[in-house]
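Let's take a walk through this protein, starting with single residues and ending with the overall fold. Keep the structure open while you read.

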Amino acid sequence: MARTLRESPQLRTLESLDNDEQILCDARQHPFGIIAVYFLCLIGIVGALFSVTVFLPSYFGSSAQIYSVIALISLFIGLFLIIAMVVATYVYKQSRLTVTSKNVVQVLQGGVFTRKISQISLANVEDVTSVQKGVLAQLFGFGTVKVETAGEQANFTFNYAPQPARIAKIILN
């Protein structure tokens with residue numbers, strides 16, 4: 001059953017939508033895009049633990065007190081990186097591309113306190129392109145959707161879109 005855009009809790013802040021508008025597609029970014037952030041945080045955790053356990057005892061000796069300090073520092077580094085991963089996941093999951101029966105709405109979450117909401121009418125859409133580059137994009141089914149508009153309006157680019165060809169087809173139809 002299609003819901004109207006006003007009923008969608010994720011898009012309640014959009015005031016200029018008609019009550020008869022129907023959601024045709026609501027795409028969030030593919031989970032593959034956040035894997036790089038997870039990988040970097042994991043490298044940071046391992047690197048921090050390695051450097052703390054190798055370098056700290058060599059400078060201050062090896063006693064029970066030093067290992068308590070190592071454990072405390074490792075705990076703080078691990079907690080900080082876990083919090084960073086949770087925040088990055090929240091920010092990543094907030095970006096979306098919504099296609100309604102009248103508009104294309106792009107919500108880009110740039111940070112915890114930065115959100116950009118852009119909306120164009122389907123009548124202004126000139127061309128829609130879907131791009132899947134690389135083996136991983138083909139295997140996992142993600143890519144980029146580019147919506148080109150007429151005139152001076154900014155074009156939409158939505159990275160890590162799941163099934164980009166399907167989204168492009170929905171916009172064009």
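## Gln163, Tyr160 and the rest

Gln163 counts as partly exposed, because its relative accessibility is 44%. Bear in mind that what you're looking at is a predicted model. Gln163 sits in the loop between strand 7 and helix 4 (164–172). Its backbone is a bit unusual: Gln163 has a positive phi of about 50 degrees although it is not a glycine.

Tyr160 has a positive phi too, about 55 degrees, and is likewise not a glycine. You'll find Tyr160 in strand 7 (residues 156–162). With a relative accessible area of 32%, Tyr160 is partly exposed, since the partly exposed range runs between 20% and 50%.

Here is how the residues picked out in this report compare for exposure.

| Residue | Relative accessible area | Class |
|---|---|---|
| Arg96 | 4% | buried |
| Phe142 | 7% | buried |
| Tyr160 | 32% | partly exposed |
| Gln163 | 44% | partly exposed |
| Phe140 | 45% | partly exposed |
| Gly151 | 70% | exposed |

**The sheet and the helix on it**

Strand 7 belongs to an open sheet of three strands, with the order 5-6-7 and antiparallel pairing. Which strands stand at the edges? Strand 5 (125–131) and strand 7 do; each has a single partner strand, so one side of each has no neighbour in the sheet. From one strand to the next, the twist averages 20 degrees.

Strands in a sheet pair through backbone hydrogen bonds, and can be parallel or antiparallel. Here, strand 5 and strand 6 run antiparallel and are joined by six bridges. If you want a spot to check on screen, look for Ser130, which stands opposite Val145 in strand 6. Helix 4 packs on this sheet and touches strand 5, strand 6 and strand 7. The direction of helix 4 makes about 170 degrees with that of strand 5.

Gly151 lies in the loop between strand 6 (142–149) and strand 7. Gly151 is exposed, because its relative accessible area of 70% is over the 50% cut-off. The C-alpha atoms of Gly151 and Glu126 are separated by 9.6 Å, while the two residues are 25 residues apart along the chain.

**The aromatic cluster**

Now for the rings. A pair of aromatic rings is described by the distance of the centres and the angle of the planes. How many aromatic pairs does the count come to? It comes to four. One of them is Phe32 with Phe140: the ring centres are 5.3 Å apart and the planes are at 25 degrees, so this pair is stacked. Phe32 lies in helix 1 (residues 32–60) and Phe140 in helix 3 (residues 135–140), so the pair ties together parts that are 108 residues apart in sequence. Phe140 itself is partly exposed, at 45% relative accessibility.

Phe142 and Tyr160 also pair up, with ring centres 5.5 Å apart and planes at 35 degrees, so this pair is tilted. That links strand 6, where Phe142 lies, with Tyr160 in strand 7, 18 residues apart. So Tyr160, the residue with the positive phi of about 55 degrees, has a ring partner, Phe142, that is buried because its relative accessible area of 7% is under 20%. Phe32, Tyr92, Phe140, Phe142 and Tyr160 form one aromatic cluster.

**Helix 2 and Arg96**

Tyr92 takes us to helix 2 (residues 64–94), which has 31 residues. From first C-alpha to last, helix 2 reaches 45 Å, close to the 45 Å expected at 1.5 Å a residue. Buried in helix 2 are Ile66, Ile70, Ser74, Gly78, Leu81, Thr89, Val91 and Tyr92. As a general point, an α-helix has 3.6 residues a turn, so residues three or four places apart point the same way.

Arg96 is located in strand 2 (residues 96–100). Is Arg96 buried or exposed? At 4% relative accessibility, Arg96 is buried. Its side chain makes a polar contact with the side chain of Asp26, at 3.1 Å.

**The whole fold**

Zooming out, the protein has four helices and seven strands. Along the sequence they follow the pattern β-α-α-β-β-β-β-α-β-β-α. Of its 173 residues, 34% count as buried. Among contacts between residues at least 6 apart in sequence, 48% join residues at least 24 apart.

How values were computed: Residues are numbered from 1 along each chain as its sequence is written. This is a predicted model: local features need pLDDT of at least 70, side-chain atom pairs count only at pLDDT 80 or more; totals for chains, interfaces and linings use all residues. Side-chain values use heavy atoms; hydrogens and water are left out. Helices (H or I, at least four residues) and strands (E, at least two) are DSSP runs, numbered from the N terminus. Buried means under 20% relative accessible area, exposed over 50%, partly exposed in between (1.4 Å probe, protein chains only). A polar contact is a pair of N or O atoms within 3.5 Å; within protein, one must be able to donate a hydrogen and the other to accept it, and residues adjacent in sequence count only if both atoms are side-chain atoms. The expected span of a helix is 1.5 Å times one less than its number of residues. Two strands pair if DSSP finds at least two bridges between them. Axes are lines fitted to C-alpha atoms, for helices over the stretch in contact, and angles run from 0 to 180 degrees between N-to-C directions. Contact means heavy atoms within 4.5 Å. Rings of Phe, Tyr and Trp (its six-membered ring) pair if their centres lie within 6.5 Å; planes under 30 degrees apart count as stacked, over 60 as edge-to-face and the rest as tilted.
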